[in-house]
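Welcome! Let us take a guided walk through this structure, one step at a time.

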Amino acid sequence: MITIKLRGVWHRYLDASSWALKDVSIELGSDEIILVAGHNGSGKTTLLKIAALIYRPTRGEVAVDGRDFWMLEEAEKIMVRRRITYIHEKPVLMRGNVLENIMYPLRIRGLGREDAAMKAKMVMRELELMDLADKSAKELSAGQSQLVAIARALVAEPELILLDEPFAHLDSRKSGLVAQALQARMRNGVGIVIASHSRGELPEGLEPDRIIVLEDGRIRETRC
Amino acid sequence: MSLAFSEILDVTIRSLYVSGLATLLSASWSIPAAYLLSFRRRVGVLEAVVESLVGVPTVLLGLLLYMLLSSSGPLGFLKLLYTPHAIIIGQSILITPLIISTCYRALRVVAAPYLELALSMGASKSQAMMLILRESAPGVAASAVMGFSRAVGELGIAMMVGGNIRGSTMVLTTAIALGVTRGEFEAAIILGIILLALTIATAVSMKILMGVRAL
């Protein structure tokens with residue numbers, strides 16, 4: 001079980017004149033599906049990247065299980081980050097084939113090649129990616145790339161998964177597969193945070209427990 | 001001049017050795033510098049300075065090095081003047097801005113998204129660095145190839161601090177210059193073709209090594 005609390009978080013990009021996030025305070029954790037909704041430029045991606053411990057906010061505190069993350073030692077930060085994964089809106093894939101991409105989080109955790117491949121293949125079967133195992137990641141379509149990025153996040157067995165517009169490039173069948181995979185993780189206590197323009201973009205069966213609506217960098221409302 | 005085959009081979013091997021070592025030496029500090037630079041947000045002035053140094057005249061650098069390394073210069077005690085080492089040092093300095101500049105451009109494109117990916121996967125700093133360098137490998141390698149091509153083709157430094165001594169510091173470019181001065185155009189053209197072939201072969205073999213199928 002992991003709990004991430006954002007308290008009074010403000011964020012401004014270095015060359016920007018306006019704030020991307022303004023005084024945001026929320027709690028994200030295991031065991032629930034949260035939808036972060038809002039129009040383009042409302043701050044969804046920034047919020048997710050701060051919650052994923054990728055961006056350090058300009059102001060405010062990000063606490064993981066009660067401890068200020070940005071005050072932790074480097075080694076502790078790595079261990080905490082390994083409990084969370086973030087999936088980019090535009091998938092970032094590495095050189096090499098699909099299998100190697102999905103094995104990456106396991107390899108950096110010290111797993112041997114064979115064990116990592118075995119675990120990666122389990123997730124690949126779940127998302128029907130086995131046919132693409134040997135294909136170069138740079139040759140995939142947008143939808144296939146998104147699925148590989150999702151598989152790579154799932155294989156790490158995180159306690160919290162943050163997905164930025166994960167269904168944008170997926171057809172309804174593939175969206176359904178991802179929804180099933182996410183629901184299975186949620187039943188095991190994993191928290192899911194999805195950024196999307198609206199609730200209507202989520203596939204059937206993926207019902208958010210909470211909806212956080214962002215507007216111009218602020219939380220406009222929170223619905224349960 | 002009428003160079004024998006053994007002498008052409010000797011000059012070619014020396015050129016490869018001197019410029020190859022100069023490239024390795026320069027890459028050892030230029031690639032880390034470009035890596036660090038790729039994470040800095042405001043590099044406008046620094047970038048402009050480095051880019052302007054790419055075109056520094058080799059004779060100017062040769063002159064400065066000559067003054068430093070000559071017996072009356074501050075580094076004269078090292079007795080490096082008119083040795084291959086002097087050319088290696090000179091060429092490594094010469095190509096530093098070029099390698100930093102081209103390598104920085106290759107790294108800048110991948111640094112931010114792949115750092116984010118590495119962090120989101122729980123990678124350590126060294127693992128993140130490995131990932132970023134791996135993803136930018138063709139660009140990084142291309143910057144080293146460009147550095148080598150510039151080094152092997154330069155004349156000013158090799159002439160001024162090398163002295164163009166037969167059997168010791170004569171490299172392809174200085175041998176060509178000497179051939180032209182003496183009116184031995186046939187030998188100069190042969191050496192010129194070797195020089196051209198060398199730079200093309202380096203670029204092609206690097207591309208093959210990197211697995212880039214752009215040929």
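The paragraphs below go from the overall form of one chain to its core, its partner and two particular residues.

Please keep in mind that what you see is a predicted model. Let us begin with chain A as a whole. Its secondary structure comes to 6 helices and 10 strands. Along the principal axes, the C-alpha atoms of chain A fill a box of roughly 45 × 40 × 35 Å. Is that what a compact globule would give? A compact globule with 224 residues would have a radius of gyration near 17 Å, and because chain A has 17 Å, the two agree. Of the 224 residues in this chain, 41% count as buried. The chain also brings together residues from far along its sequence: among contacts in chain A between residues at least 6 apart, 72% join residues at least 24 apart.

Now for the interior. Which residues touch the most other members of the largest nonpolar core? They are Val36(A), Val148(A), Leu162(A) and Val193(A), in a core of 121 residues. Helix α4 (residues 84-121) of chain B gives the most to this core, with 20 residues. To see one of these core residues with its surroundings, look at Val36(A). Leaving aside residues up to four places away in sequence, Val36(A) touches Lys44(A), Leu47(A), Leu48(A), Val193(A), Ile194(A), Ala195(A), Ile212(A) and Leu214(A). Val193(A), then, appears both in this list and among the core residues that touch the most other members.

The next stop is the place where the two chains meet. Here 15 residues of chain A are in contact with 15 residues of chain B. On the chain A side, the elements that give two or more residues are α2 (74-81), β6 (84-87) and α3 (98-108). With 3 residues, α3(A) gives the most to that side. By character, the chain A side divides into 11 nonpolar, 1 polar and 3 charged residues.

Finally, turn to two details of the backbone. Most residues other than glycine have a negative phi. Asp65(A) is not a glycine, yet has a positive phi of about 50 degrees. You can find Asp65(A) in the loop between β4 (59-64) and β5 (67-68) of chain A. Because it has 13 C-beta neighbours inside 10 Å, Asp65(A) counts as partly exposed. Glu165(A), also a residue other than glycine, has a positive phi near 45 degrees. The loop that holds Glu165(A) runs between β7 (160-164) and α6 (172-187) of chain A. With 19 other C-beta atoms within 10 Å, Glu165(A) is partly exposed, since a residue is buried if 20 or more lie within that distance.

Methods
Residues are numbered from 1 along each chain as its sequence is written. Chains are lettered from A and ligands numbered from 1 in the order in which they are written. This is a predicted model: local features need pLDDT of at least 70, side-chain atom pairs count only at pLDDT 80 or more; totals for chains, interfaces and linings use all residues. Two residues are in contact if their C-beta atoms, placed from the backbone, lie within 7 Å. Helices (H or I, at least four residues) and strands (E, at least two) are DSSP runs, numbered from the N terminus. Ala, Val, Leu, Ile, Met, Phe, Trp, Tyr, Cys and Pro count as nonpolar, Asp, Glu, Lys and Arg as charged, and the others, Gly among them, as polar. A nonpolar core is a set of buried Ala, Val, Leu, Ile, Met, Phe, Trp, Tyr and Cys residues joined through C-beta atoms within 7 Å. A residue is buried if 20 or more other C-beta atoms lie within 10 Å of its own, exposed if 12 or fewer, and partly exposed in between; C-beta atoms are placed from the backbone. The radius of gyration is taken over C-alpha atoms; the globule rule is 2.2 Å times the number of residues to the power 0.38.
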